[in-house]
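Reader: Before any assignment is discussed, I should like each term to be set against its criterion. Please take the structure below as the basis.

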Amino acid sequence: MADQYAQSREDNGRTEIPAIRWDEPPEGPVLVLLDQTRLPAEEVELVCTDAPALVEAIRTLAVRGAPLLGIAGAYGVALAAARGFDVDEAARALAGARPTAVNLAVGVRRARAAYGAALSGGGDQQQAAEAALVAARALHREDAEASARMAELGLALLDELLPGGGHRVLTHCNTGALVSGGEGTAFAVALAAHRAGKLRRLWVDETRPLLQGARLTAYEAARNGMAYTLLTDNAAGSLFAAGEVDAVLIGADRIAADGSVANKVGSYPLAVLARYHHVPFIVVAPVTTVDLDTPDGASIEVEQRSSHEVTEVTAPQAAGAEAGGGIPVAPLGTQAYNPAFDVTPPELVTAIVTEEGAVSPVTAEALAELCDRSRQV
Ligand code: MRU
């Protein structure tokens, strides 16, 4: 049985939302997550004392979103090491907890490599555990820095594409501080536009079936005082037709070498709509989301989730409802098609904004060059 427990936060009034933090109470090190399945109703922290608890939190989406999954994976390895568990077993379980967001495996690998390097350099178990923690902290910090840079570059691109200002931006899923060491990816760009007085409206797709848009993005937009409006995913078409969308900003879970973008299911239809209506479709993601080992969109493994998430609703529609137990909205025994992500081909993507710069048009060559540049830094 995974070892995790909930605790109420004492700092509900804060505007900074730490989605994840490492803590060292007298009982031993723990990883503390803001339980995203309980938002927006309650801010409750979930305390993981071992890797299986974290794996469960990842599967139920208590912790989610590509960059944060990477950070969580790295801390998970550090946790297993610090508590004297089998680090290889923990690393395998963590990396495999969700298949699509490449950042998870990248984060796990980085902390595991630091642990292994410390051991092979003559360090003892405690020193190796410390090295894994240093690596996790570094990834956490770098993600915050990348987020700030993406916000800056993304806003500059918006200004270039939409010189008039007064941006009306449509976004999908949740890409803010809840998925990041900083202020997120696509949401961070919208937030930068808001702070610059240039965001007229943030259109927030509710993001069926787990409502990351309604529960999480609306929560973050409200806390930041942004002008936002929530819509059902299938209302986006009429919004485009009415000329109410100037740009689409989304994140990514994996970007293949050819520039295909896997992101929350419903992103691809937005890209098609954007193309038809001549609206820029902009992907914002750290370089760690670009996976040159995955050649194209067809090679991206798309996570399939339980039918229950579609055939039942819970109150709130908590991501942790995977095992059922909600109110049925379909006949008993109905099978649902429930992919967590879809893949947008590069030709529908206007630009990919990373902390290392923007790629537009999106080509395999431009992405490879970007990754090369980032490795040299
Ligand atoms: O299933 P989720 O909630 O983990 O999906 C998250 C998304 O699809 C995000 O858009 C993506 O991870 C980018 S977050 C910067």
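Reader: What makes strand 9 and strand 10 a pair?

Author: Two strands pair if DSSP finds at least two bridges between them. Two bridges join strand 9 (residues 254-256) to strand 10, so the criterion is met. The two strands run antiparallel, and Ile255 has Val261 of strand 10 as its bridge partner. Strands here are DSSP runs of E with at least two residues, and helices are runs of H or I with at least four, both numbered from the N terminus. This is a predicted model, in which local features need pLDDT of at least 70 and side-chain atom pairs count only at pLDDT 80 or more, while totals for chains, interfaces and linings use all residues. Residues are numbered from 1 along each chain as its sequence is written.

Reader: How many bridges join strand 10 to strand 15?

Author: Four bridges join these antiparallel strands, strand 15 being residues 341-344. Within strand 15, Asp342 is the bridge partner of Asn263.

Reader: Why is Asp253 called buried rather than exposed?

Author: A residue is buried if 20 or more other C-beta atoms, placed from the backbone, lie within 10 Å of its own, exposed if 12 or fewer, and partly exposed in between. Asp253 has 30 such atoms within 10 Å and is therefore buried. Asp253 lies in the loop between strand 8 (247-250) and strand 9.

Reader: Which residues does Asp253 touch?

Author: Not counting residues up to four places away in sequence, Asp253 touches Ala66, Thr100, Ala101, Ala262, Asn263 and Phe341; contact requires C-beta atoms, placed from the backbone, within 7 Å.

How values were computed. Two residues are in contact if their C-beta atoms, placed from the backbone, lie within 7 Å.
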